[in-house]
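The exercises below are meant to be worked through with the sequence and the model side by side. Try each task before reading the solution under it.

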Amino acid sequence: MHEGGRDEEAPGGEAPGGVGTGETGSGGEGTGGAWAGPGAGAETPGEGAAEARRPRRRRRVLRSTLAALTLLFLPLLTAETALRVNDTGTPKPGTTTRHQDALWLGHAWVDGRKTDRDVQALARRLKTSGIRDLYVHAGPLEHDGTLPKTAYRRSRWLTTALHRAAPGVRVQAWLGDKLASESPDGLRLDRAATRTAILASTRRILAAGFEGAHFDLEPLHSGDQNYLALLDDLRALTHARHALLSVAAHQIDPLPAFHSFWGTTTGHPKWWSQAYFGQVARRVDQIAVMSYDTMQPLQSLYGGYVAQQTSLALEVTPRTTDLLMGLPFYHENNFGHWAHAETVPAGVRGVRLGLSRTDAGRVRFGVALYVDFAATEADWRAYQEDWVR
């Protein structure tokens with residue numbers, strides 16, 4: 001995920017008392033306050049039977065625990081096995097770039113840190129790629145939907161320089177914010193005034209020279225109707241100005257209604273239903289799936305996961321909408337993302353397998369690379385060799 005459109009490159013318990021402390025009770029050292037009394041150590045009536053029952057109770061507890069663990073992990077093991085199988089096979093010929101790929105660019109491109117020399121170097125990179133769209137971090141939005149002009153003060157220089165150095169490449173403003181969907185702090189889409197402010201911010205960003213607006217609002221829960229209403233208004237605005245509307249999209253349920261289960265157990269639904277993904281896709285010109293941060297520990301599982309996500313997205317994305325599958329051009333290691341597993345070669349293989357199985361001839365399709373400032377030469381080489389060719 002992109003942390004609600006906030007660019008990482010942008011400038012920028014002890015236990016309660018008495019528990020586990022080693023203190024003893026008031027009845028004497030090491031006794032816990034109980035007096036042993038006469039005859040201590042002698043077996044009293046019934047103690048032998050109680051001792052015999054304890055192993056049986058322990059066995060019952062062990063069996064119950066094993067049964068619970070089986071119920072928990074068997075579906076997970078089944079799902080992971082399915083992903084491994086999903087990574088098998090050979091992609092069809094021609095399932096490579098359609099020259100409609102995209103690249104997320106960091107905030108340095110609009111805040112004064114980048115120069116004409118950087119633009120020329122980027123243009124040379126783009127010339128041999130399949131990249132058509134650049135999502136330039138020009139935010140984030142404030143929690144009330146407004147956008148300070150200081151956030152994108154060099155946007156006119158950038159768009160002019162890129163159009164001169166890389167004709168045909170479209171430059172979009174990447175905007176977003178953290179939503180107040182899982183905490184009280186953040187942008188609230190349920191407020192009409194906030195949605196109106198987002199529209200006003202979009203007008204200003206387009207007037208600054210960008211050819212489109214790319215929104216990344218997170219965490220966005222499946223079924224959010226206020227988001228759909230915002231997209232309807234944004235599309236009317238962008239189309240009236242002959243500009244593009246694109247969004248970064250959450251992943252689709254890998255299992256039916258999985259977002260509901262995950263939301264109930266963790267408080268963070270993460271995924272969208274396939275139906276809701278389709279509702280979003282029908283309202284935009286481009287939809288880029290953030291198909292990374294998948295919690296998969298192996299390249300084969302990640303490739304199978306991306307293949308599944310590609311198929312699920314293709315099934316509900318209209319042919320009039322550009323569908324882009326995200327590739328990880330970054331190398332963090334945490335619970336949600338393992339750099340040794342989520343690699344560009346594994347991701348590209350998954351994209352090609354999903355495309356081959358579902359709609360190999362889809363024209364309005366590509367990959368989106370996240371993110372320029374974390375990418376290595378190995379990432380670029382894998383993208384070129386495996387996808388651009």
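A residue is called buried when its relative accessible area is under 20%, exposed when it is over 50%, and partly exposed in between, with a 1.4 Å probe and protein chains only. The model is predicted, so local features need pLDDT of at least 70 and side-chain atom pairs count only at pLDDT 80 or more, whereas totals for chains, interfaces and linings use all residues. Residues are numbered from 1 along each chain as its sequence is written, and side-chain values use heavy atoms, with hydrogens and water left out.

**Exercise 1. Locate Val-110, decide whether it is buried or exposed, and list what it touches.**

Step 1. Helices (H or I, at least four residues) and strands (E, at least two) are DSSP runs numbered from the N terminus, and on this numbering Val-110 sits in the loop between strand 1 (101–105) and helix 2 (116–127).

Step 2. Val-110 has a relative accessible area of 0% and is therefore buried.

Step 3. Contact means heavy atoms within 4.5 Å. Leaving aside residues up to four places away in sequence, Val-110 touches Val-136, His-137, Ala-138, Ala-151, Tyr-152, Arg-153, Arg-154, Ser-155, Leu-158 and Phe-210.

Step 4. One of these partners, Arg-153, is 43 residues from Val-110 in sequence, yet their C-alpha atoms are 6.3 Å apart in space.

**Exercise 2. Describe the surroundings of strand 1 and the sheet to which the strands belong.**

Step 1. Five of the five residues of strand 1 are buried, so this strand is largely enclosed by the rest of the structure. Asp-101, Leu-103 and Leu-105 point one way, Ala-102 and Trp-104 point the other way, and all are buried.

Step 2. Two strands pair if DSSP finds at least two bridges between them; strand 1 and strand 2 (residues 131–137) pair in the parallel sense over five bridges, and Leu-103 stands opposite Leu-134 in strand 2.

Step 3. Eight strands close into a barrel in the order 1-2-3-4-5-6-7-8, with parallel pairing. Between neighbouring strands of this sheet the average turn is 25°, direction ignored, where axes are lines fitted to C-alpha atoms (for helices over the stretch in contact) and angles run from 0 to 180 degrees between N-to-C directions.

Step 4. Helix 4 packs on the sheet by touching strand 3 (170–178) and strand 4 (212–218), and its direction makes about 140° with that of strand 4. Helix 8 also packs on the sheet, touching strand 6, strand 7 and strand 8 (365–370), with its direction at about 165° to that of strand 7.

**Exercise 3. Analyse how helix 5 packs with helix 4 and with helix 7.**

Step 1. The axes of helix 4 (residues 192–207) and helix 5 (residues 225–240) come within 10 Å and cross at roughly 30°. Angles under 35 degrees count as roughly parallel, over 145 as roughly antiparallel, 65 to 115 as roughly perpendicular and the rest as oblique, and helix 4 and helix 5 are therefore roughly parallel to each other.

Step 2. Helix 4 contributes Arg-195, Ile-198, Leu-199, Thr-202, Arg-203 and Leu-206 to the contact, while helix 5 contributes Asn-226, Leu-230, Asp-233, Leu-234, Leu-237 and Thr-238.

Step 3. Helix 5 and helix 7 pack at an angle of about 20°, with their axes 10 Å apart, which makes this pair roughly parallel as well. Here Tyr-227, Leu-228 and Leu-231 of helix 5 meet Tyr-276, Gln-279 and Val-280 of helix 7.

Step 4. The buried residues of helix 7 (residues 274–281) are Tyr-276, Phe-277, Gly-278, Val-280 and Ala-281, and they pack against helix 5, strand 5 (244–249), strand 6 (286–289), helix 8 (299–316) and strand 7 (322–328).

**Exercise 4. Find backbone features that depart from the usual pattern.**

Step 1. Most residues other than glycine have a negative phi, and most peptide bonds are trans.

Step 2. A cis peptide bond joins Gly-139 and Pro-140, with omega about 5°, and Pro-140 is in the loop between strand 2 and helix 3 (155–165). Another cis peptide bond joins Glu-218 and Pro-219, with omega about -10°, and Pro-219 lies in the loop between strand 4 and helix 5.

Step 3. Met-295, in the loop between strand 6 and helix 8, has a positive phi near 70° and, at 22% relative accessibility, counts as partly exposed. Arg-389, in the segment after helix 10 (377–388), has a positive phi of about 60° and counts as exposed at 62% relative accessibility.
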